[in-house]
Structure formats: C-alpha cells, structure tokens
Amino acid sequence: MVGGKRLVEVQAAQRMFLARQPIFDNELRCIGYELLARESPENRTPHTDGDAATRRTLDVALHLGGLPELTGGRPVFINFTAPLLEQDLATLLPPQTTVIELLETIQPTPAVLDACHRLKKQGYRLAIDDFIGQRHLEPFLPVVDIVKVDFLATNETRRARLVETLRDRPIQLLAEKLETREDFDDARAMGFAL
C-alpha cells in the first residue's frame, strides 16, 4: 500500500534508493526515465518479488520529491505485475506522464486485459518489457504503445524479424540494454524510435 504511514515504516527499516534510467530518442535526447527501487547504491536488486519492487518504487517516487522533481516533467516508465494492474495501482500516477510497463512474465488473462483497456481509456500509455517475440504476449500488442526489445537477449536476425512483425502496428519500438554506440546505431538503422 502506498501511503504516508507505510513510507515512514520503510524509511525506519532501511534506506531506499531510486534508480533513474534515462530513455533516449534516436537523436540521443532524453525523453523519459525508467524508475527502479533499490536497497543500496549498487544498481541491482536481490528481490524477485515484482509486486514489492513496484510498490517500493511508487513509495519512494511519490513521497520523496515526487515525480516532477525526479524526472524534470518527462515521462516515467514503471514496471507493473498482473495483481497491481488488476488493483488499478497505476492510477496513483498521472496518465499524461506515465508509461505502464507490462512485465514479460505477465499473462494476458481477461482481468489483466480489462485493466489494460481501462488504463488506456484514462490516457495511460502501455509498454511490453523485455520483448523477444514471446507468443503469450501477443494479445497485448493491440493495446500497447511501446514494445521494448531486449538487445542482449536477441540476435540481429531475431531483432529484424521482430521489427518486421511489428512494423505495421501503431507501436513505437524501444531498444533496451544497448551496450555500445554500435548497438545504438544498429537499433536506429532498424527503425527503433527509442
């Protein structure tokens, strides 16, 4: 639960950090940030509980400075699990500057798809995280605005197939986990907008 009392309890129990990973357009202009809660200054988290990680991110982001202070008014990308989508937890965030990331482990159940449609009607943008062509994620394609393609988990041939498959949809492609300038240039040449 996101709330003042919960935040105080979290602060008393441990220090919290917020990782702010920039997202660039193909001209290297920062267009937003992915926010990730961390328990130490190291950029990693030992937790695999997606619900807890998103709740920690929201606690920190909403109560320690707020989103405009953290992002300079740019959009924020935040990971959501199925239970948190179904609970409409994303509606704590402003729709005009929030991108709801559907984790790659999410299943497109009727309840989850209904939650996605509700969020879209309210003005939220949706993204699929770590997409490498998983068939179980295909039911989300008509409702998402952004598909994040994992460059470390895909080779050039697979990325080209994904781009071709998604080309005719009104979807922006985001290349994630780019490690070199060559990766960036390859993504840009393939048509990735972000």
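**A tour from helix H6 outward**

Select helix H6 (residues 156-166), which gives 5 residues, the largest share, to the lining of the second largest pocket. Helices (DSSP H or I, at least four residues) and strands (DSSP E, at least two) are numbered from the N terminus. This is a predicted model, in which local features need pLDDT of at least 70 and side-chain atom pairs count only at pLDDT 80 or more, while totals for chains, interfaces and linings use all residues. Residues are numbered from 1 along each chain as its sequence is written, and side-chain values use heavy atoms, leaving out hydrogens and water.

**The pocket beside H6**

Now add the rest of the lining. Phe-131, Ile-132, Gly-133, Arg-135, Glu-138 and Leu-141 are among the lining residues. So are Arg-158, Arg-161, Leu-162, Thr-165, Leu-166 and Arg-169. A pocket is an open set of points on a 1 Å grid over the protein atoms alone, where a 1.4 Å probe fits, with protein on both sides within 12 Å along at least five of seven lines; lining residues have an atom within 4 Å of a point. The volume of this second largest pocket is about 180 Å³, meaning the space filled by probe spheres set on points joined across faces, edges and corners.

Colour the lining by residue type: 5 are nonpolar, 2 are polar and 5 are charged. Here Ala, Val, Leu, Ile, Met, Phe, Trp, Tyr, Cys and Pro count as nonpolar, Asp, Glu, Lys and Arg as charged, and the others, Gly among them, as polar.

**The two sides of H6**

Stay on H6 and show Arg-159, Leu-162, Val-163 and Leu-166, its buried residues. Looking down the axis, you find these buried residues within an arc of 100 degrees, so they line one face of H6. The arc is taken from the directions from the helix axis to the C-beta atoms. Buried means under 20% relative accessible area, exposed over 50%, and partly exposed in between (1.4 Å probe, protein chains only). Turn to the face away from the buried side, and the exposed residues Arg-161 and Thr-165 are there.

What do the buried residues of H6 pack against? Select strand S5 (125-131), strand S6 (146-150), S7 and H7 to see their partners.

**Helix H7**

Go next to H7 (residues 181-190), where Phe-184, Ala-187 and Met-190 are buried. These residues are on the same side of H7, because they cover an arc of only 130 degrees around the axis. H6 and strand S7 (172-176) are included in what covers them. On the face turned away, look for the exposed residues Arg-181, Glu-182 and Ala-189. Step just past the end of H7 to Gly-191, which has a positive phi of about 110 degrees.

Step back to the loop between S7 and H7 and pick Lys-177. Its phi is near 65 degrees, a positive value in a residue other than glycine. Lys-177 is partly exposed, at 35% relative accessible area.

A second residue of this kind is Asp-88, with a positive phi near 60 degrees. Find Asp-88 in the loop between helix H4 (82-86) and strand S4 (98-102). Asp-88 is partly exposed, with a relative accessibility of 26%.

**The nonpolar cores**

Hide the loops and show Phe-80, Leu-85, Ile-100, Phe-140, Val-144, Val-147 and Phe-192. These touch the most other members of the largest nonpolar core, which has 40 residues. Helix H5 (residues 110-121) gives the most to this core, with 5 residues. Another core, apart from that one, has 7 residues, among them Ala-127, Ile-146, Leu-174 and Leu-194. A nonpolar core is a set of buried Ala, Val, Leu, Ile, Met, Phe, Trp, Tyr and Cys residues joined through side-chain atoms within 4.5 Å.

**Cys-116 and Thr-109**

Within H5, select Cys-116. Is Cys-116 buried or exposed? At 0% relative accessibility, Cys-116 is buried. Leaving aside residues up to four places away in sequence, Cys-116 touches Leu-102, Leu-126, Phe-140 and Val-143. Contact means heavy atoms within 4.5 Å. Draw a line from the C-alpha of Cys-116 to that of Ala-82: the two residues are 34 apart along the chain, and the line is 9.9 Å.

Thr-109 is in the loop between S4 and H5. Thr-109 is partly exposed, with 32% relative accessible area. Its C-alpha is 9.3 Å from that of Pro-139, and the two are 30 residues apart in sequence.

**The whole chain**

Zoom out to see 7 helices and 7 strands. From the N terminus, they run α-β-β-α-α-β-α-β-α-β-β-α-β-α. Of the 194 residues, 44% are buried. Of the contacts between residues at least 6 apart in sequence, 61% join residues at least 24 apart.
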